[in-house]
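Student: Could you take me through one part of this model slowly? I'd like to stay in one neighbourhood and see how its pieces fit together.

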Amino acid sequence: MLGLRCWPRAICGSLYALSLYARDSLEADKVVNVTPRYAGLRAESNGSPKGQIIGWENIELISDRPLRTMSKEFKQWKKDYPDRILIASIMEEYDKAAWKELISRVEETGVDALEINFSCPHGMPERKMGAAVGKDCALLEEVCAWVNAKATVPVWAKMTPNVTDITQPARVALHAGSEGISAINTITSVMGINLNTLHPEPRVYTTQGGYSSKVVHPIALSMVMQIVKMMQSEFSNVDCSLSAIGGVETGEDAAEFILLGANTVQVFVLNFVARHDAHTK
């Protein structure tokens, strides 16, 4: 498999990357996403409609869009942008055959790499998906082995921050053949209680959510530093890389991750929050 050390200039230094973080799975019809499923923490009092959003919570499950739809879009994007890098983020149940089928169908679209979501804190853990795998090193090792035995493109394993020592699952994923690590995913949270309506934010009582945006940046920096030190100490002779995630809103934020030793940086919530604010003003 192609190592990822050749990618940083392409991804971080220009607009040569298209990354999809849709958490694709084989059977989207199993997913029932509730509404509302997002909430923002603003710089002013919790529940206030004013102030800059500094924290963002989501309780979205895997994508409820059919894989056939996403596959069609992948193919079109590769056709429209043949010189760009397209990374598909995928997540599946604890089922070896399902993982193998998902990887085959996604690779057929021409994607350049896979990000394996072992970290979503609300990604249907009862089916051993997302963080239910990332928190269990034995389970993570097994599923990583399935994925890397099947994949013919580079694989990033996406880590959950909801563990005592994030280097442990990262180490397991690399030993199991992953070419890279991406970290961090969202932090388990309850956004707050709206004191005007007396309801939690968002108005769903049955689950915690995943916390992201500006406020998680210091935590992400700390965990990325831990992973970098582990990789430099134990995998210095292996062609692997680290993609950093967490509260990136400026070039300075991204530079901090690069200076810590990350090879690439991912941005998503900033764009999502900007669209949310535009719709709510």
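Tutor: Let's look closely at strand β12 and what surrounds it, then step outward a little. Keep in mind that this is a predicted model.

Start with β12 itself, residues 241-244. Which of its faces are covered? Both: S241 and S243 are buried on one side, and L242 and A244 are buried on the other. Now look sideways at its partners. β12 pairs with β7 in the parallel sense, over 4 bridges, and across that pairing S182 stands opposite S243. β12 is also joined to strand β13 (residues 264-265), by 2 bridges, and these two run parallel as well. There, A244 has V265 as its bridge partner.

Next, slide over to β7 and find I181. Leaving out residues up to four places away in sequence, I181 touches S241, L242 and S243, and those three belong to β12. The list of contacts for I181 also includes A170, A173 and L174, which are among the buried residues of helix α6 (residues 167-175). T167, P169 and V172 are buried in α6 too. What covers the buried residues of α6? The cover includes β7, along with α4 (131-134), α5 (137-150), β6 (155-158) and α7 (217-234). Just past the end of α6 there's a little backbone detail to spot: G177 takes a positive phi of about 110°.

Follow β7 to its end and you'll meet another one. The peptide bond from A183 to I184 is cis, with omega near 10°. I184 is in the loop between β7 (180-183) and β8 (187-189). Why bother pointing that out? Because most peptide bonds are trans.

Back to I181, as it's also part of something bigger. The largest nonpolar core has 57 residues, and I181 is one of those that touch the most other members, together with W99, V106, L114, F118, I227 and F257. Helix α7 gives this core its largest share, 8 residues. It's a pattern worth remembering: in soluble globular proteins, nonpolar side chains tend to be buried together. I181 and I227 also touch each other directly.

While you're at α7, find H217, which is found in that helix. Is H217 buried or exposed? Its relative accessibility is 7%, and buried means under 20%, so H217 counts as buried. Setting aside residues up to four places away in sequence, H217 touches G246, G247, V248, D253, E256 and F257. You've just met F257 among the best-connected core members, the ones that touch the most others.

One last comparison, away from the strands, shows how neighbours in a helix can differ in cover. F74 and W77 both lie in helix α2 (residues 67-80), 3 residues apart, or about one turn of the helix. Their ring centres are 6.2 Å apart and the planes sit at 45°, so the pair is tilted. F74 is buried, with a relative accessible area of 0%, whereas W77 is partly exposed at 30%.

Key. Residues numbered from 1 in each chain as written. Predicted model: local features only at pLDDT ≥ 70, side-chain atom pairs only at ≥ 80, totals over all residues. Heavy atoms only, no water. Buried < 20%, exposed > 50% of the residue type's maximum accessible area, 1.4 Å probe, protein only. Contact = heavy atoms within 4.5 Å. Core = buried A, V, L, I, M, F, W, Y, C linked by side-chain atoms within 4.5 Å. Phe/Tyr/Trp six-rings, centres within 6.5 Å; stacked < 30°, edge-to-face > 60°. Pairing = 2+ DSSP bridges.
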